[in-house]
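Q: I have a structure in front of me and would like to learn how to read it. Could you walk me through a few features, one at a time?

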Amino acid sequence: MTDSTSDSAIRAEGLAKTFHDPQRGVVEAVKGVDLDCRKGEIFGLLGPNGAGKTTTLRMLSTILAPTSGRALIDGIDVAEDPLEVRRRLGFLSGSTGLYPRLTGRETLRYFGRLHGLEGEDLEAAIARAFDAFDLHSFGDGRCEALSTGQKQRVSIARAVLHDPPVLILDEPTTGLDIMASSDMIQFIDSRREAGTCVLFSTHILSEAERLCDRIGIVYDGRMLAGGSLDELRAITGKEWLEEIFRELVQRADTGEGAA
């Protein structure tokens, strides 16, 4: 099922995920999250460990099936047509792995073919990626020999090789050094001009303040509040993002709600 009635690139309505743990019983990891991310927008998800950010992103990217609720990527329902959703998004996390014995070029060629690129179109896309992410000096070496920053560049190139309209990034700067992290931030920032919808999670508040058009605060599996920084300031009466975050979490813990 498709839905193209708005400029939403990512939309979730009542998205929920329940796990069954042998020791803890039923675990509600995500509890009815609503989300709306627009084309050409950078939307950041903030929350502590265990808040449900990664589970939410994995449902949106079709890695996990929702227990209930609905999610659309570029108008395509993630439960009804996950293959078409994967064609329309790029997914990257800080733990995204590469095949160690493949070169960067071979990696891009392999994943490009998975996305339906072939022949001249595939080679042209790889050439653009080599230029865009400056892979020429190491892109023909095996991934097992690359530095962390070099691997991350190959991973980014892999995620966007098919020019997806939606990009989902799960803590993409985790474990990166200063230069590699800076490269990632610059790349995310560049996606706005390209018209790509970027949804990413982070623990680093300065990243969200610098990059995001809007921010969602996730806690205990729920979306406490979402909006621009000015809108979140109006909701909480706080100035800095750290203060906003603490205020919303405190309200949730005391049962006051987000607003």
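A: Happily! Keep in mind that this is a predicted model. Let's begin with a helix and its two sides: in α4, Glu120, Asp121, Arg128, Asp131 and Ala132 are exposed, and they sit on the other side of the helix from its buried residues.

Q: Which residues of α4 are buried?
A: They are Leu122, Ala125, Ile126, Ala129 and Phe130. Viewed down the axis of α4, these buried residues fall within an arc of 140°, so they line one face of the helix.

Q: What do the buried residues of α4 pack against?
A: Their partners are α3 and α5, the latter covering residues 148-160.

Q: How do I check the length of helix α4?
A: Count 1.5 Å a residue: the 14 residues of α4, 119-132, should then span 20 Å. The C-alpha atoms at the ends of α4 are 20 Å apart, which agrees.

Q: What follows α4?
A: Asp134 does, with a positive phi near 50°.

Q: What is the usual sign of phi?
A: In general, most residues other than glycine have a negative phi. Here, Thr62 is not a glycine, yet its phi is positive, about 75°. Thr62 belongs to the loop between α1 (53-60) and β4 (68-73). With a relative accessible area of 12%, Thr62 is buried, since buried means under 20%.

Q: Where is Asp74 found, and what is its phi?
A: Look in the loop between β4 and β5 (76-77) for Asp74. Its phi is near 50°, again a positive value in a residue other than glycine. Asp74 is partly exposed, its relative accessible area being 22%.

Q: Now for charges. When can side chains of opposite charge pair?
A: They can pair when their charged atoms come close. In this model, a search of the whole structure finds 20 salt bridges.

Q: Which side chain meets Asp140 in a salt bridge?
A: That of Arg105, at 2.7 Å from N to O. Asp140 lies in the loop between α4 and α5 while Arg105 is in helix α3, so this pair ties together parts that are 35 residues apart in sequence. Asp140 counts as partly exposed at 48% relative accessibility, and Arg105 counts as partly exposed at 24%.

Q: Which side chain meets Asp220 in a salt bridge?
A: The side chain of Arg222, with 3.6 Å from N to O. Asp220 has 42% relative accessibility and counts as partly exposed; Arg222, at 40%, counts as partly exposed too.

Q: Where do Arg246 and Glu242 lie?
A: Both are in helix α9, residues 241-254, and they are four residues apart, about one turn of the helix. Arg246 forms a salt bridge with Glu242, and their closest N and O atoms are 3.6 Å apart. Arg246 is exposed, at a relative accessible area of 58%, whereas Glu242 counts as partly exposed at 46%.

Q: Which residues do salt bridges that share partners join into one network?
A: Asp74, Glu84, Arg87 and Arg88. You met Asp74 earlier, in the loop between β4 and β5.

Q: Back to α9: which of its residues are buried, and what do they pack against?
A: Leu241, Ile244, Phe245, Glu247, Leu248, Val249 and Arg251 are buried. The list of what they pack against has β3 (42-46), α7 (205-211), β9 (214-219), β10 (222-227) and α8 (229-236).

Q: What should the span of α9 be?
A: The 14 residues of α9, at 1.5 Å a residue, should span 20 Å, and the end C-alpha atoms, 20 Å apart, agree with that. Just after α9 comes Gly255, which takes a positive phi of about 80°.

Q: One last stop, the surface. Which residues make a nonpolar surface patch?
A: Tyr99, Tyr110 and Leu114 make one of about 320 Å². Tyr110 has its place in helix α3, residues 104-114. At 37% relative accessibility, Tyr110 counts as partly exposed. Helix α3 is also where you found Arg105, the partner of Asp140.

How values were computed:
Residues are numbered from 1 along each chain as its sequence is written. This is a predicted model: local features need pLDDT of at least 70, side-chain atom pairs count only at pLDDT 80 or more; totals for chains, interfaces and linings use all residues. Side-chain values use heavy atoms; hydrogens and water are left out. Patches are made of residues with over 30% relative accessible area and no salt bridge: like charges are joined within 9 Å, nonpolar side chains (Val, Leu, Ile, Met, Phe, Trp, Tyr) within 5 Å. Accessible areas come from the Shrake-Rupley method with a 1.4 Å probe; for residues, only the protein chains shown count as cover. A salt bridge is a side-chain nitrogen of Lys or Arg within 4 Å of a carboxyl oxygen of Asp or Glu. Buried means under 20% relative accessible area, exposed over 50%, partly exposed in between (1.4 Å probe, protein chains only). The expected span of a helix is 1.5 Å times one less than its number of residues. The arc is that of the directions from the helix axis to the C-beta atoms. Contact means heavy atoms within 4.5 Å.
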